[in-house]
Amino acid sequence: MKRFAFATVSTLAVVAGSSVLAGPQAEVLHWWTSGGEAKSVAVLQEEFAANGGSWTDMPVAGGGGDAAMTALRARVLSGNAPTAVQLKGPAIQEWYEEGVLADISSVAEAEGWADVLPASIAGHMKCEGTWCAAPVNVHRVDWIWANADVLAANGIEMPTTWDEFNAAADKLQAAGVIPLAHGGQAWQDATVFETVVLGIGGPEFFQKALVDLDPEALTSDTMVQVFDQMRTLRGYVDENFSGRDWNLATAMVMNGEAAFQIMGDWAKGEFLAAGKKPGEDFLCASTPGDGYLYNVDSFAMFDVEGDDKKAGQDLLAKLIVAPNFQKVFNLNKGSIPARTDVALDDFDICANLSAEDMGSTSDAGSLLPSYAHGMALRGSQSGAITDVVTAHFNSDMSSADAVQQLAAAVANSY
Amino acid sequence: MSEWLENHLPKVVLAPSFIAVLIFVYGFIGWTAWVSLTRSKLLPKYEIKGFIQYERLFDSPRWDTAINNLYIFGALFIVIAMVLGLLLAILLDQKIRVEGAIRTIYLYPMALSMIVTGTAWKWILNPGLGIESMVQGWGFTNFEFDWLVNPDYAIYTIVMAAIWQSSGFVMALFLAGLRSVDGEIIKAAQVDGIPTWRIYTAIIIPSMAPIFLSAFIVLAHLAIKSFDLVIALTGGGPGYATDLPATYMYAMAFSRGDIGQAASSAMIMMLVVFAIVVPYLYSELRAKND
C-alpha cells in the first residue's frame, strides 16, 4: 500500500513537473473500465492526443461509480480536483454547490451546444445558467426487450399498454414460459418501477411524482395503481430472481427461457455481443405508455489551476460534444449521441427508434430524466424511494401501505 | 543522557503508535461524532445542527430492519456458534484418534475470507442451483428450501454461513480451555464415581468462564461489524431484508452521498459495541485490582 501511494505521488510529481512545457493537460476520472466502455474512452483519449493534448487517465472501477466518487471526494477535499469527472444528473449541481466546478460557457457558446442538444438534457449540463458539464451519450431506460421467436410461437404482439402486457404475460405463463426476466436488485426493481409510473401515470404524473416529489402525487390513487401493477409483475418473474445480475436476465430472454425484460439499452449490447439481430432474434420497443426516460452520461468540469489545464479542459469539452466522438463512442457503447444532428446510418434500428423518440418527446415535453439511474433526484431522495419500491416488491406489503411509506421516506430524506 | 534514555526508552518507543492511535482511532471517533450532528451531504460540513440525523435514522424503516437483523443475527450467531463450538470441543476432548487432523478440518473454514464463504453459500442455498434443486432432482419434487430468496428467512441464511465459518474457531478456543483444566480434579471426581456429564457440567465448564467471555467478545464484535458476508451472500436483499447496520452505513456514506446519516449510524454501532465491551473491560480491570 505504502509503495503504491509513493508511486502515485511520484507519478503526480512527474505530471506536475512536466506541465510547464506541455500543451493542453487533462486528468480524467471515470469508471468506464469494462471491455466496450474502455474502448469507448480510448477513442476520446486518442482524439485528445491527436489535438496535441496530454491525457492522464484515472480509471477507478468498482461499486458502479461508488469507488470513483470516494476517490473524487478525497481529491476535492485535498484541493487537487481532476480536470474532468464522469458525473451525471443532479450530482453535477450537488458538486457545483460545493463550489468546485468550472465554467465552460465559452466553449459551449462557441460550439453552439444549445442548438444541438435537446433542451431538457442541456438543462443538466448547466449550473445556475453557466455550462459546467459536457454530455457524452443518451441511454434510454424505458425499453422492453423480447425474444422474437417466443412471441411468435405464442401469437403475441409487442404490448403497448400495461393491460396488454398483463394479458400477454398470463398467456406466456400458461404456456410455461417465464413472462418477465428480472433481477432482484434494488436498482432493477427501481428501473421497472419508473417505467410503470410513466406508463400508468403518464409523463406529467412522472414529473410531479418522481422529479418534483409532490406529496400529493406520491400518495395519489395513481401511485396505488402503480404499486398494484408492481405486485402483478412480481407474479410474472421466476422464483429465483433474487440478486440476479441484469445481464443474466438478458440471457434468459436470449435463450427463450423468458419472454420479456425491462431494462435500459445497455441490454442491447448483450444481445449484440451474442450475435443476435435486432428486429429478427430480439425485439425492442418502448415500455407501454408515452414518454422517454433518459440516462445521460456526462463529464463535469472541475476548477483547476494553470493555463495548460484550463486549455485541456476546454479542448476536452469541445471534443466530447463534437459529432465525430459522439458517433464513434455511442456505436461502441450501444447508446445514442446526445446531440441531435449526428447521422445515424451506422446505428441499428433500436438506436434509430430511440433517437426518433427522443426528438418527438423533446418537442412534446415528455423527455424525462430517469429517477432509477440518478438523473432526476439526488442520491438521498432517490435512495429513499428505491428502498420503498424494493421493500414492496420483495414482500407482501399492500399498495396503500407502500404509498404512505413512500411519502414518509421522501419527507425523511432531506 | 544514556541514563535518561534507559529510563524513557519504553515511552519513546511506544509514543509513535500511541499518538497514531490517539489520532486515527479516538480523533476520528470524535470527528464522526461531530459530523453526525451536522447536515453533511456530499462533503462533510461542520456547522452543528442538533440531533436531526439521529431523528432521521430512527424514522427510517430500513434502519429498523438493519437493527432488528443485528439482534437476530447477533443472538443466534453467538449462541449457536458457542454451543456448537463447545460440543465439538468436548467430543474432540475424548482422546480420540487423529484428533489433530479433525481439529484442522473444523478450524479450516476460518481460513477462508467471508467473501468466499458468502459466495459458496449463495450457490449452495440458491433454489435453482443448490440444495433445493438437488433434492428435487432426486425425485422429491415438493421439497422447498428457498430461505435465501424469502425476505422473512433470508437473515437466517446469513446466520448459517457465519456459524459454519466461526464455530471451528470457537471450538479451538474451548479445546484450549478444556485442556487447561487441572487433571487432578477430574481424576479425583472420576475416583468418586461421578458420571462424565456431571464432571463436565459441574466442574469443567464452570472453570472455563473466562474462555466463554473471550469467545463471546470475539463473536459479538464479528457480528456487529459483519459486512462482507452480507454483501457476498445476499447483497442486503431481497429488498433490504438482510441489511445490517454496517451495510446501511456503507450505502449512506458511499452510494447516496448522505454523510451525516452515515455518521449517525456509525455512532449508534459504536454505542452497541461499547455496551458490550465496557462491562467486559470493567470486570477485567476490577479482577486485576482485587
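A residue is called buried here if 20 or more other C-beta atoms lie within 10 Å of its own, exposed if 12 or fewer do, and partly exposed in between, with the C-beta atoms placed from the backbone. By that count B:K95, with 6 C-beta neighbours inside 10 Å, is exposed.

Before going on, I should say that this is a predicted model, in which local features need pLDDT of at least 70 and side-chain atom pairs count only at pLDDT 80 or more, whereas totals for chains, interfaces and linings use all residues. Residues are numbered from 1 along each chain as its sequence is written, and chains are lettered from A and ligands numbered from 1 in the order in which they are written.

Let me stay with B:K95 for a moment. This residue sits in the loop between helix 3 (61-92) and helix 4 (99-107) of chain B, where helices (H or I, at least four residues) and strands (E, at least two) are DSSP runs numbered from the N terminus. Its phi is near 50 degrees, a positive value in a residue other than glycine. Most residues other than glycine have a negative phi. Chain A offers a similar case to look at, A:E128, which is not a glycine and yet has a positive phi of about 50 degrees. A:E128 belongs to the loop between strand 4 (126-127) and strand 5 (130-131) of chain A, and it is exposed, with 9 other C-beta atoms within 10 Å.

Now to chain B as a whole. Its secondary structure comes to 13 helices and 0 strands. The radius of gyration of chain B, taken over C-alpha atoms, is 24 Å, well over the 19 Å that the globule rule (2.2 Å times the number of residues to the power 0.38) gives for 290 residues, so the chain is more spread out than a compact globule. Along the principal axes, the C-alpha trace of chain B spans about 80 × 70 × 30 Å, and 34% of its 290 residues count as buried. In helix 2 (residues 52-59) of chain B, the buried residues include B:Q53, B:R56 and B:L57. These residues cover an arc of only 100 degrees around the axis, the arc being that of the directions from the helix axis to the C-beta atoms, which puts them on the same side of helix 2 of chain B.

Turning to chain A, we find 19 helices and 12 strands. Here the radius of gyration is 22 Å, close to the 22 Å that the globule rule gives for 414 residues, so chain A is as compact as a globular protein of that length. Buried residues make up 52% of the 414 residues in chain A.

As for confidence, chain A averages a pLDDT (the predictor's confidence in each residue, from 0 to 100) of 88, and 94% of the residues score at least 70. Over residues 1-21 of chain A, however, pLDDT stays under 50. Where pLDDT is low, the predicted coordinates should not be read in detail.

The domain assignment, which is automatic or from a database, gives chain A a domain 1 (25-140 + 296-353) and a domain 2 (143-293 + 372-411). Their centres, taken over C-alpha atoms, are separated by 29 Å. How many residues of each domain are in contact with the other? Counting two residues as in contact if their C-beta atoms, placed from the backbone, lie within 7 Å, 15 residues of domain 1 of chain A touch 16 residues of domain 2 of chain A. On the domain 1 side, helix 4, strand 6 (133-140) and helix 17 (349-364) of chain A each supply at least two residues.

Helix 17 of chain A comes up again with helix 14 (residues 266-273), whose buried residues are A:A267, A:K268, A:E270 and A:F271. Seen down the axis of helix 14 of chain A, they fall within an arc of 155 degrees, so they line one face of the helix. They pack against strand 7 (143-147), helix 13 (246-254), strand 9 (258-262), strand 10 (282-286) and helix 17 of chain A.

Finally, the contact between the chains takes 26 residues from chain A and 26 residues from chain B. The elements giving two or more residues to the chain A side are helix 3 (66-77), helix 4 (90-97) and helix 18 (379-393) of chain A, and helix 18 of chain A gives the most, with 7 residues. By class, that side has 5 nonpolar, 15 polar and 6 charged residues, where Ala, Val, Leu, Ile, Met, Phe, Trp, Tyr, Cys and Pro count as nonpolar, Asp, Glu, Lys and Arg as charged, and the others, Gly among them, as polar.
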